[in-house]
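These are my notebook entries on one structure. I record below what I looked up, entry by entry.

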Amino acid sequence: PRVLVLNGPNLGRLGVREPEVYGHATMADLAVAAGKWGAELGLDVAVRQTDDESELVGWLHEAVDAGAHVVLNPAAFTHYSYALRDAAAQVTTAGLLLVEVHLSNPASRESFRHLSVVAGIATGTIAGFGFDSYRLALSAVAARLNP
Ligand code: DQA
């Protein structure tokens, strides 16, 4: 099974950006780690990041057309992008899994981070475990596919 691990704006700055919140590892480190976790779980994982809403929406359309499951860190789009939510909804209504992930725990941060407009259409959400949020998400996908 294919899984697209899609990351939204500013996540390409991991390692540089607020390391006290997001840690010292980079998006390149995440791509290597996620590929390894995927291989262990029998998943064909591709990791991508963009700062562009339109590109992220396009990748969600691609997941639907390709029958790929999605692990999505929508970053700040989480909190206000109805376009992203509508694109993500097409993934789950197609019967594919979509796990929303966050490195930090948005619920314990500023109030504008408390609302996720994506959460309601996601299969489930994992937040607050740093890079491990992605490992847990991939493991949830594998478990759901092979009960
Ligand atoms: C984030 C949390 C969001 O509130 C924030 O805008 C991000 C990263 C996280 O992974 O913790 O960019 O999605």
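I began with helix H2 (helices, H or I of at least four residues, and strands, E of at least two, are DSSP runs numbered from the N terminus). The 15 residues of H2, 27-41, should span 21 Å at 1.5 Å a residue (1.5 Å times one less than the number of residues), and the 20 Å between its end C-alpha atoms agrees with this.

I noted that this is a predicted model, in which local features need pLDDT of at least 70 and side-chain atom pairs count only at pLDDT 80 or more, while totals for chains, interfaces and linings use all residues. Residues are numbered from 1 along each chain as its sequence is written.

Which residues of H2 are buried? I found Leu30, Ala34, Trp37 and Gly38 (buried means 20 or more other C-beta atoms within 10 Å of a residue's own, exposed 12 or fewer, partly exposed in between, with C-beta atoms placed from the backbone). Seen down the axis of H2, these residues fall within an arc of 100° (taken from the directions from the helix axis to the C-beta atoms), so they line one face of the helix. The face turned away from the buried side carries the exposed residues Lys36, Ala39 and Glu40. The cover over the buried residues includes strand E1 (2-7), strand E2 (44-49) and helix H5 (132-145). Just after H2, Gly42 takes a positive phi of about 75°.

I then turned to Ser104, which lies in the loop between strand E4 (98-102) and strand E5 (124-127). Ser104 counts as partly exposed because it has 17 C-beta neighbours inside 10 Å.

Definitions and conventions. Two residues are in contact if their C-beta atoms, placed from the backbone, lie within 7 Å.
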